[in-house]
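Subject: Structure for your review, with notes

Dear colleague,

I am passing on the structure we spoke about, and below it you will find my notes on what came out of going through it. Please read them with the structure open beside you.

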Amino acid sequence: MDLLSLYEVMLRIRAFENAAERASQGGVQAFGQSATSAAYVRGPLHLSTGQEAVAAGVCAHLQMADLLTSTHRGHGHTLAKGADPTKMMCELFGKANGTNGGKGGSMHIADFEVGMLGANGVVGAGITIAVGAAHALKLQKKKQIVACFFGDGAINRGPFLEGLNWAQVFQLPVLFVCEDNRISATTVSASVTGGGGVSSRAQSLGMASTQVDGNDVLDVSNHAKALIDKVRATSQPHLLHAVTYRLKGHVSVDKALYRPADELSKAWEKEPLRFAKGLLLERGHAATELDALEAQVNHQLEVATQCARDAQWPLAEAAFSDVADCAEGVWF
Amino acid sequence: MTYAQAAAHSLSLSMDKDDAIVALGEDLGRGGVFGQYQGLRDKFGPDRVIDTPISEAGIAGAAVGMALAGMRPVVEMRVIDFALCAIDEIVNQAAKNRYMFGGQGRVPVLFRMPIGLWSGSAAQHSQSLESWFTHVPGLTVIAPATAQDNFDLFQAALTLPDPVLYLEHKELWSLQGEVDTQNTLAIGKARCLQHGEHLTLVTWSAAVHRCLSACAQVAQQGVSVELIDLRSLWPWDKDMVYRSAARTGQLLVVHDAVQVSGFGAEVAASTAQVTGCRIHRLGAPRIPVGYSPPLEDQTRISVDTIAQTILQLVGEAHVA
């Protein structure tokens, strides 16, 4: 995928996050903010603003049939894997035509049709699920691979060890992507992480790892292409450590005032869209062309958001479907 | 055949029919810690009878992923106590997946996790935690008491599209019983072991056998008990229990699990609400299982205790 296409994917993720952020104000009581019933997006909304290059750069090299598991901060991965932004926004708005019929919302966004097996409200929980899916693919002698996204906070959970060890022992086709935004909710990850971090933990299990600049979409993309090809060809897991920065708070109503102000302002100077735009200008793309592309993507998201506002709520009886087939209808 | 062999044979027949079934867990290759996978590695090979690391969260989480990718894993947790290491994977992932993703996926995983006392195994290998899982929407909970039921219910569980908690009892592994391999059984149908007039006795798993002995004891004193083995706890056979309790007017639920917040409370409350019958529960005291025999015995629901409780309840009813 060329840089312009990667830039467009990142623009789409940024526009989605911005629209969701606006629609979520007052959606949850947290961080000193109170909830109002007027908010369109309710509950905790975890934005990946600033982390777009990781999702775009990795997913650019996945095939439609490849599988992906994500985190609670999963909109970018889902969009980059090919999900429809309108259906996703409808899900965030809790509408019947959302990807999950309104049953999951942001934290459980999923689109199995594009191989996106789900965001997860539990840190690190997607890791063992990704490994199991890869185990099945190997037993079924399929050529698909699994991309498993998780954050730097997840490497301190047990399933990280259990999942990576499993993938290594059974030689499974998984690309583990540690999207390292350097903060675990509101705590600096380095202050709660022993040893050399994610790469050295993978290497201690015998798994190869590669570190990239997670704010440079070309760096992510170039390495991801080689690693995905390798994982597919050899059925060996590999860890990609992408260092990035979370520009927003833990959730959308978190102003993240616990961070030094200059850290944030410096991060905005190095953020991935600005960086990619600079490269595109250097390569001869006209500013007007890039602005027009940005306007077009923003307009698409405005339309998607309007669709989500206008869409129908799920019927109340939908609360009782897809629980389980056995004893369906017996709720007490 | 034994209760353990019945399950192994049942699993073997299901694996013959369905290539998507794999078994995974610790020490399965040598037949499982209780022999409940005996012979399966030789027959199906290491790709379908998979020896895993000691990683309960990994096993349960991998099973969810396998299921989403089209397989039907049988997960061995060794004892239910160890399944607590995988509680997120069972409760937040397996049980919720179909619902929270709006029906996009299915998680047909059979979680096999033996319950009950296992002499001298103390606090972390002896628990009966069935009510932890009956509480969770999305899970089916099965607790067979006989070799035939273990054969039948194992096969039935392997046809469901959703996660199943399959709770065998460690004191039943060597229990012998005739097994008709042509038999089939629907999940949610209880078994009435004997009809009676004075009291309805509801139980499941290994306690069924002790309750049967207690019924024989009290019969000598002219007390006639209707004994029901629920076989599955979710769904449970409300029709059979309600009809029986409405007729006898008196319900006793017996289980090996701690009585407080045990599943007996659910059966008793629901039955009283519908039939207005008198209710009583008999379960273990709310203490951890001790190692030494005199300590362990305090958590054992014995035949004598069950018989005494029946006589007391029937006596009280007559006085009333």
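To begin with a detail of the backbone, which residue follows α5(B), and what is the sign of its phi? The residue is B:G102, and its phi is positive, near 70°. Please keep in mind throughout that this is a predicted model.

The helix before that glycine, α5 of chain B (residues 87-100), has 11 of its 14 residues buried, so it is largely enclosed by the rest of the structure. Among the buried residues are B:I90, B:A94, B:Y99 and B:M100, but also B:D88, B:E89, B:K96 and B:R98. The cover over them includes α3 (56-68), α4 (80-83) and β4 (110-112) of chain B, together with α5 of chain A.

That helix of chain A leads to the contact between the chains, in which 38 residues of chain A meet 38 residues of chain B. On the chain A side, α5 (125-139) and α6 (158-169) each supply at least two residues, and α5(A) provides the largest share, 11 residues. By kind, the residues of this side divide into 20 nonpolar, 14 polar and four charged. Sequence neighbours within four places aside, A:A133 is in contact with A:L67, A:L117 and A:V146 in chain A, and with B:G65, B:M66, B:L68 and B:A69 in chain B.

A:A133 also appears in the largest nonpolar core, which has 205 residues, and is one of those that touch the most other members, a group including A:M10, B:F111 and B:I310. Helix α1 (residues 3-24) of chain A gives the most to this core, with 11 residues. In chain B, domain 1 (3-172) and domain 2 (191-319) both contribute residues, so the core lies between them.

Chain B further holds an open sheet of five strands with mixed pairing, in the order β7-β9-β8-β11-β12. Its edges are β7 (191-194) and β12 (278-284), each with a single partner strand, so one side of each is left without a neighbour in the sheet. Strand β11 (residues 250-258) pairs with β12(B) in the parallel sense over six bridges, and B:V254 stands opposite B:L282 in β12(B). Helix α8 (residues 207-219) of chain B packs on the sheet, and its direction makes about 170° with that of β9(B); helix α9 (residues 238-248) of chain B packs on the sheet as well, its direction making about 155° with that of β8(B).

With kind regards

How values were computed: Residues are numbered from 1 along each chain as its sequence is written. Chains are lettered from A and ligands numbered from 1 in the order in which they are written. This is a predicted model: local features need pLDDT of at least 70, side-chain atom pairs count only at pLDDT 80 or more; totals for chains, interfaces and linings use all residues. A nonpolar core is a set of buried Ala, Val, Leu, Ile, Met, Phe, Trp, Tyr and Cys residues joined through C-beta atoms within 7 Å. A residue is buried if 20 or more other C-beta atoms lie within 10 Å of its own, exposed if 12 or fewer, and partly exposed in between; C-beta atoms are placed from the backbone. Helices (H or I, at least four residues) and strands (E, at least two) are DSSP runs, numbered from the N terminus. Domain bounds come from an automatic or database domain assignment. Two residues are in contact if their C-beta atoms, placed from the backbone, lie within 7 Å. Ala, Val, Leu, Ile, Met, Phe, Trp, Tyr, Cys and Pro count as nonpolar, Asp, Glu, Lys and Arg as charged, and the others, Gly among them, as polar. Two strands pair if DSSP finds at least two bridges between them. Axes are lines fitted to C-alpha atoms, for helices over the stretch in contact, and angles run from 0 to 180 degrees between N-to-C directions.
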